[in-house]
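Trainee: I'd like to practise reading a model feature by feature. Could we take one residue to begin with and then work outwards?

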Amino acid sequence: MEMYIDLLIIAAKTAILLLGGSITYYATRAYRRTGDRSLRALAIGFGFVTVGALLGGILDQGLNWDIAIGIAINSVLTAFGFGVIVYSLYIE
């Protein structure tokens, strides 16, 4: 059963990396094209969310650190990223 949980975590983290990376990439492209600061902040926010998921997965699955450490790092970076995303919605 534990093997299936590990595979599920790896699959979910891979999907987050691909989808979050895509959002970050397209938001960055849009920022470069328009110069709109809110798009830059959006890209940065999604970048933090994506890196948080990736780093949490690497620490847990790749380096066999305590899962609580991976979850804590993932959560902190995700919360910060979402804060930047909210900020991106309010700046002009």
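Trainee: Is T50 buried or exposed?

Mentor: Keep in mind that this is a predicted model. A residue counts as buried under 20% relative accessible area. T50 comes out at 8%, so T50 is buried. As for its place, T50 sits in helix α2.

Trainee: And which residues does T50 touch, leaving out those up to four places away in sequence?

Mentor: Look for I16, L17, G20, G21 and T24. Those are its contacts once the neighbours up to four places away are set aside.

Trainee: Let me zoom out. How many helices and strands does the chain have?

Mentor: There are 3 helices and 0 strands, and from the N terminus the order reads α-α-α. If you look along the principal axes, the C-alpha trace spans about 50 × 20 × 20 Å.

Trainee: What share of the residues is buried?

Mentor: Of the 92 residues in the chain, 28% are buried. The chain exposes about 6,200 Å², and carbon and sulfur atoms supply 71% of that area.

Trainee: How do I read the contacts by sequence separation?

Mentor: Start with contacts between residues at least 6 apart in sequence; 65% of them join residues at least 24 apart.

Trainee: Now a single helix. How far apart are the end C-alpha atoms of α3?

Mentor: They are 35 Å apart. The idea is to compare that with an expected span: at 1.5 Å a residue, the 24 residues of α3 should cover 34 Å, so the two values agree.

Trainee: Which residues of α3 are buried?

Mentor: The buried ones are G70, N74, L77, T78, G81, V84, I85 and S88. Then ask what lies opposite: the buried residues of α3 pack against α1 (2-34) and α2.

Trainee: What about aromatic rings, how do I describe a pair?

Mentor: You give the distance of the centres and the angle of the planes. In this chain the count comes to 2 aromatic pairs. One of them joins Y25 and Y26, with 5.1 Å centre to centre and 70 degrees between the planes, which is edge-to-face. Y25 is partly exposed at a relative accessible area of 46%, while Y26 is exposed at 52%.

Trainee: What are the distance and angle for F48 and F80?

Mentor: Their centres lie 4.7 Å apart with 75 degrees between the planes, an edge-to-face pair again. F48 belongs to helix α2 and F80 to helix α3, so the pair ties together parts that are 32 residues apart in sequence. F48 counts as partly exposed, with 30% relative accessibility. F80 is partly exposed as well, with a relative accessible area of 46%.

Trainee: Where is N64, and what is its phi?

Mentor: N64 is in the loop between α2 (37-62) and α3 (67-90). Its phi is near 55 degrees, a positive value in a residue other than glycine.

Trainee: Is N64 buried or exposed?

Mentor: The cut-off for exposed is over 50% relative accessible area. N64 has 65%, so N64 is exposed.

Trainee: One last feature: how far apart are the mean positions of the positive and negative charges?

Mentor: Take the 6 positive and 6 negative charges of the chain, average the positions of each set, and the two means are 20 Å apart.

Key:
Residues numbered from 1 in each chain as written. Predicted model: local features only at pLDDT ≥ 70, side-chain atom pairs only at ≥ 80, totals over all residues. Heavy atoms only, no water. Helix = DSSP H or I, 4+ residues; strand = E, 2+ residues; numbered from the N terminus. Buried < 20%, exposed > 50% of the residue type's maximum accessible area, 1.4 Å probe, protein only. Expected span 1.5 Å × (residues − 1). Contact = heavy atoms within 4.5 Å. Areas by Shrake-Rupley, 256 points an atom, 1.4 Å probe, with all protein chains shown as cover. Lys, Arg positive; Asp, Glu negative; His and termini not counted. Charge placed at Lys NZ, Arg CZ, Asp CG, Glu CD. Phe/Tyr/Trp six-rings, centres within 6.5 Å; stacked < 30°, edge-to-face > 60°.
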